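Notebook open, coffee ready. I want to look up a few things in this structure and jot down what turns up.

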Amino acid sequence: MKARASIEEKYAKELLGLSKKVCGCNEMNTLKRSLDVFKLQTEHVSLSHLQLAQTMRDEAKKLEDFRERQKEARKKVEQQMDALHKQRATQFKKTMESKKTYEQKCRDKEEAEQNMNRNASTSNAKQQEKLFARTNQAKMNAEVADRLYMQNVTVLEKIREDWQKEHVKACEGFEKQEVERINTLRNMVWTHLNQLSQQCVTSDELYEEVRKSLEHCDIQEDIEHFVNLRRTGDKPPAPILYDNFYSSQRVPIAPSVTHMAPSITRRPLPNPTNSGGDLINSSALDPDRTYSVIQY
């Protein structure tokens, strides 16, 4: 839309410069008036294209603002999702470490119990007491690791549920944004095409004024206006007399029949003919029409 606005602006400026150039300065009367209307309406067409270019820029600005609003809203959701994802990843790592510790403590407990059972008959009371204390300590360590592991799993599951809910919510929000984006873009393109169509209608209405002016262009009136403006008189120049050098007598020389000057009278104007392919204004042929149509 920005590129099209630049094209429209460039075309409008070129057209405006063209309308300021001299056109038909040697014409007169009705044809000159028609050419003046042509220049004026060309200027109006250029101004309408300038206005169209500005309208396109305004629409492009609205689209940019809409995209920025969506971008900011999407950024907030993405930041929240990133935070939940990092929290979930951190808790998962912590849970896996506690699971590893829990499994190791369970193996230590089993090893202590097996060691105590193997040495129960061969060791004295003091050694058995040490083995028993070591076994009890291994059991306590395994229980603590078990509780910590279970606690981390519970926390991880809660974080996972929250992450899943936010993920679904984010997807629904993004889908809603996409529906709004497609609808807005479609409507803006539709409006853009309406503006282009309206520009064509506006240009044709302005050109119609030129066609109406051309309908009032009267060839007979223009010819008579030129004759009345430029004529030098209604009598031909006097004949040139023969002046004899030896005599004061001046004798007119009668022209021959073949060189007889034609009588000075205006003849009727020839009818303008249209060769094949010439354009005819149908509104001039059909008085019932209220709108001129150019046709072959």
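Below are my entries on aromatic rings and surface patches.

**Entry 1: a reminder.** I'm working with a predicted model here.

**Entry 2: aromatic rings.** How many aromatic pairs does a search of the whole structure find? I got one. The partners are Tyr102 and Tyr149, and they are stacked. A pair of aromatic rings is described by the distance of the centres and the angle of the planes, so I wrote down both. For Tyr102 and Tyr149 I have 5.4 Å centre to centre and 20 degrees between the planes. That angle counts as stacked because the cut-off is under 30 degrees.

Next I checked where the two rings sit. Tyr102 is in helix α2, while Tyr149 belongs to helix α3, which covers residues 125-215. They are 47 residues apart, so I noted that the pair links distant parts of the chain.

Is Tyr102 buried or exposed? Neither, quite: its relative accessibility is 23%, so Tyr102 counts as partly exposed.

**Entry 3: a positive patch.** Which residues form the positive surface patch? I found Arg67, Lys71, Arg74 and Lys75. I followed up on Lys75, which is placed in helix α2, residues 29-118. Lys75 counts as partly exposed because its relative accessibility is 45%.

**Entry 4: a nonpolar patch.** I also looked for a nonpolar surface patch, and Leu185, Val189 and Leu193 make one of about 240 Å². I picked Val189 for a closer check and found it in helix α3. With 40% relative accessibility, Val189 goes down as partly exposed too.

Notes
Residues numbered from 1 in each chain as written. Predicted model: local features only at pLDDT ≥ 70, side-chain atom pairs only at ≥ 80, totals over all residues. Heavy atoms only, no water. Patch = residues over 30% accessible without salt bridge, like charges linked within 9 Å, V, L, I, M, F, W, Y side chains within 5 Å. Areas by Shrake-Rupley, 256 points an atom, 1.4 Å probe, with all protein chains shown as cover. Salt bridge = Lys/Arg side-chain N within 4 Å of Asp/Glu carboxyl O. Lys, Arg positive; Asp, Glu negative; His and termini not counted. Charge placed at Lys NZ, Arg CZ, Asp CG, Glu CD. Helix = DSSP H or I, 4+ residues; strand = E, 2+ residues; numbered from the N terminus. Buried < 20%, exposed > 50% of the residue type's maximum accessible area, 1.4 Å probe, protein only. Phe/Tyr/Trp six-rings, centres within 6.5 Å; stacked < 30°, edge-to-face > 60°.
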